[in-house]
Amino acid sequence: MELKLEIAVIPVSDVDAAKEFYQRAGFRLDADFSTDKGLRVVQVTPPGSEASVIFG
């Protein structure tokens with residue numbers, strides 16, 4: 001069985017600053033959405049990687 005890391009979850013205090021940081025570092029923006037309960041989730045993927053980072 002081959003296991004792969006698909007998603008790493010990172011808590012942040014400033015979602016907009018984190019999103020800007022990762023995009024400036026060349027990460028692709030995959031998702032940016034908010035729930036009706038005020039939770040915001042952003043997913044980015046580094047270039048050439050199969051793993052993504054989610055923060056919110």
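In this predicted model, β2 and strand β3 (residues 40-45) pair up antiparallel, with six bridges between them. One of the pairings puts Ala 31 opposite Gln 43 in β3. As a general matter, backbone hydrogen bonds are what hold paired strands of a sheet together, in either a parallel or an antiparallel sense.

Zooming out, the β2/β3 pair belongs to an open sheet of four strands, ordered β1-β4-β3-β2 and mixed in its pairing. The edges go to β1 (7-10) and β2 (28-34); each has a single partner strand, so one side of each is left without a neighbour in the sheet. From one strand to the next, the twist averages 20 degrees.

Then there is the helix. Going along the sequence, the protein chain reads β-α-β-β-β, which comes to one helix and four strands. Helix α1 (residues 15-24) lies across β1, β2, β3 and β4 (52-55), and runs at about 10 degrees to β3.

As for the chain overall, the C-alpha trace spans about 40 × 25 × 15 Å along its principal axes. The protein chain has 56 residues, and 25% of them count as buried. Some 38% of the contacts with a separation of 6 or more are between residues 24 or more positions apart.

On the surface side, the protein chain exposes about 4200 Å², with carbon and sulfur atoms supplying 55% of that area. Charges come to 6 positive and 9 negative, and the mean positions of the two sets sit 2 Å apart.

Methods. Residues numbered from 1 in each chain as written. Predicted model: local features only at pLDDT ≥ 70, side-chain atom pairs only at ≥ 80, totals over all residues. Heavy atoms only, no water. Helix = DSSP H or I, 4+ residues; strand = E, 2+ residues; numbered from the N terminus. Buried < 20%, exposed > 50% of the residue type's maximum accessible area, 1.4 Å probe, protein only. Contact = heavy atoms within 4.5 Å. Areas by Shrake-Rupley, 256 points an atom, 1.4 Å probe, with all protein chains shown as cover. Lys, Arg positive; Asp, Glu negative; His and termini not counted. Charge placed at Lys NZ, Arg CZ, Asp CG, Glu CD. Pairing = 2+ DSSP bridges. Axes fitted to C-alpha atoms, helices over the stretch in contact; angles between N-to-C directions.
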